[in-house]
Amino acid sequence: MRTHLHLPLPDSLNSVRNLGILAHVDAGKTTVTERMLYLTGAVHKRGEVHDGTTVTDFDTQERDRGITIFAAAVSCVWDDHRINLIDTPGHVDFSDEVERSLRVLDGAIAVFDAVAGVEPQSETVWRQADRHRVPRIAFVNKLDRAGADLDTAVASIRDRLHTVPLVVQLPIGQEDGFTGVVDLVHMRALVWAPGSDTYTEGPVPDALADEARHRRHALEEAVAELHPDALEEFCARSELAAPTLTAALRDLTRTGDGVVVLCGSAYRNRGMEPLLDAVVTYLPSPLDVPPVQGSTADGAVEERAADPAEPFAALVFKVNSTATGRLTYLRVYAGTIGKGDVVLDVAARRTERIGRILRVQADRNTEVDRARAGDIVAVVGVKDARTGATLCAPSAPLLLEPPTVADPVVSVAVEARRSLDTDRLAAALARLVEEDPSLKVRTDPETGQTVLSGMGELHLEVAVEKIRRAQGLEIGVGRPQVAYRETVVRGVTDLVYRHVKQDGGAGQFAHVVLDVAALDPDAGTEDFAFSSTVTGGRVPQEYIRAVEAGCRDALAEGPLGGHPVTGVRVTLTDGATHSKDSSEMAFRTAGRLALREALRASAMTLLEPVVEVTVTVPDSAVGGVLGDLAARRGRVSGSTARAGTAVLTATVPLAELFGYASRLRSRTQGRGTFTTRPTGYAPVPAGVAAGTASR
């Protein structure tokens, strides 16, 4: 071990790394995090997921279920570099936790299973990182498992993630015989003896010398194709010096043109020191990423550099209520903050006072006097700031872009078993939504029930159990319901609507003519498009904007069952005004009522959320599982064989998957597993739609 947590903080921002661990569930990312903390001296005993002793999976539900549910921040020091690390969930239901974490990170380690390669949630988190332009390195884990194959895993990274993997290591030994790696950059062997936490360095074994030289040359060629300086040296010398190769790999990682790939076994503590070295060498510091952008009070875009001397600016990415108070997690982008300082919550236009500043170690923390640009810390004393809020210097307000929040897809009705606990349940739900913005709470207007909505069955199960354990409440939970949508199949043209209201005094007058059509799915990601072809100033511009606002209001409830409407294009083709009675309010009302009438006159269809399901089952159970998927309206899209098991891929309506885990276990004697990945919405078949439209 080179260093430990008790070293002083690095003075330079060049010595800070803010990174996350991304992976599919069970790829081993929490074990990777634990080994990194152990090797850096942040902890003095190795935690194990199966024993429930890990630092980052500290919540009782995480330890009971053996999965990461909540993003956990930890900090350590390696080679005089401060590493602020966030261990993120790998289950699809908690993708919003990953989204909020990626918003504040400068880099990431993507962990892959050496047997399974790229899995469904691996793709999801990779795309999330692409959206945020987060540089990544890859770690192929579990090389000690039966069936592990680095080349196959790398091929899946290339083919399914559409990136250029740059493999910098060669395994020494296979499966149970995996003992170390050949470092292709420095052409040396790193070997871990049984039971040892550190490696011994030596020459490349004779049996691997030819293959190592071949792979080193292939690495040089791949880098030279992507990096101009490397290409110049490669053309001149037919090889690359180690410093040139290292510098080129760093540049390609930070631009996203390539992904450095390392390998090892986190459980056996093999390959972890080189991974920490790669974090320091290849991933960017806060100074290497573009300055954060935000909007000023007058709407102008302003950049703020990662400089402690700049005006303070930070983004709230997580809020957590603990037994000792409310913790607000911040990524500090610019400036410096100290205990007792007053900051401005820009969106809420409210000031907050910082009581304490904590360097977080999962569920433990250490108080510090200040935080500066590049830091990830938690603060105490901020009472009302929500996730996504910008905190900044009151003298230099700057509004940063908040993390996006996905729309919930599954809902359940919840109620307290005892009427005396109703108010306590309402307060607990409010705190839950404050901590997790992807949860939504509403009251059903027809039944009066309290409805909790989230990203999946497990997401809601965890949320309800959290209230039960924290508050000691007995809660009744209804059957899950999915979030349906409605869309236009065939629209209408020249729908005329005249809104006239006269009840004394100034009246209301608005005349609009609308065309309504289905939105082209290839036109982009927007769910609604509005345009105007009105000429001659017959409808002033401010009234056209009011019509658009009214149309957006009408999308909240469709004619089939009151579900939100999506995929609609509306064109305002004509209209008329009155010199006295026309107003923005009148045209907004006309837009809303006109579109409602147009949707009733259009041919509509119901949409339901669908997911891609990947099922891994023994060969002997394939027939029964395929039949069960067909009964659930699943469409099988692929099947592959892997060492006595079959991996089936199918697209299945989310509503048909409730209770699937227990059914799969019973059909496979407990040996079957499955994962899901949201793929969007699809039309509900006519025979099914009749029973679901009113849900």
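How many of the nine residues of strand 38 (residues 645-653) are buried? In this predicted model, eight of the nine are buried, so strand 38 is largely enclosed by the rest of the structure. Burial here denotes a relative accessible area under 20%.

The pairing of strand 38 gives a picture of its surroundings. Strand 36 (residues 603-618) pairs with strand 38 in the antiparallel sense, over nine bridges. Within this pairing, P618 of strand 36 is placed opposite T645 of strand 38. Strand 37 (residues 635-642) likewise pairs with strand 38 in the antiparallel sense, in this case over seven bridges. Here V636 stands opposite A650 of strand 38. In general, the strands of a sheet pair through backbone hydrogen bonds, in either a parallel or an antiparallel arrangement.

Strand 14 (residues 313-322) can be read in a similar manner. Eight of its 10 residues are buried, and strand 14 is therefore largely enclosed by the rest of the structure. Strand 14 pairs with strand 15 (residues 325-334) in the antiparallel sense, over nine bridges. One point of register is given by V319, whose bridge partner in strand 15 is T328. Strand 14 is also joined by three bridges to strand 23 (residues 390-392), and these two strands run antiparallel. At this junction A313 stands opposite C392 of strand 23.

Attention now turns to an open sheet of seven strands, in which the pairing is mixed and the strand order is 2-3-1-4-5-11-6. Its edges are formed by strand 2 (72-78) and strand 6 (165-167), each of which pairs on one side only. On average, neighbouring strands of this sheet are turned by 30° against each other, with direction ignored. Among the pairings is that of strand 4 (residues 107-113) with strand 5 (residues 136-141), which is parallel and extends over six bridges. In this pairing, A108 has R136 of strand 5 opposite it.

Helix 9 (residues 272-282) packs on this sheet and touches strand 1 (16-23), strand 2, strand 3 (81-87), strand 4, strand 5 and strand 11 (259-263). The direction of helix 9 makes about 170° with that of strand 5. Because 10 of its 11 residues are buried, helix 9 is largely enclosed by the rest of the structure. The buried residues of helix 9 are M272, E273, P274, L275, L276, D277, A278, V279, V280 and Y282.

What remains is the internal space. A search of the whole structure finds four cavities of 30 Å³ or more. The largest cavity has a volume of about 50 Å³. Its lining consists of A73, V74, S75, N84, L85, Y329, V360, I376 and V377. By class, seven of these lining residues are nonpolar and two are polar, while none is charged.

The lining of the largest cavity also leads back to the open sheet. Strand 2, strand 3 and strand 22 (376-380) each supply at least two residues of this lining. The largest share, three residues, comes from strand 2, which is also an edge strand of the open sheet.

Technical notes:
Residues numbered from 1 in each chain as written. Predicted model: local features only at pLDDT ≥ 70, side-chain atom pairs only at ≥ 80, totals over all residues. Heavy atoms only, no water. Pairing = 2+ DSSP bridges. Helix = DSSP H or I, 4+ residues; strand = E, 2+ residues; numbered from the N terminus. Axes fitted to C-alpha atoms, helices over the stretch in contact; angles between N-to-C directions. Contact = heavy atoms within 4.5 Å. 1 Å grid on protein atoms, 1.4 Å probe; cavity = no way out; pocket = protein on both sides within 12 Å on 5 of 7 lines; lining within 4 Å. Points joined across faces, edges and corners; volume = space filled by probe spheres on them. Nonpolar A, V, L, I, M, F, W, Y, C, P; charged D, E, K, R; others polar. Buried < 20%, exposed > 50% of the residue type's maximum accessible area, 1.4 Å probe, protein only.
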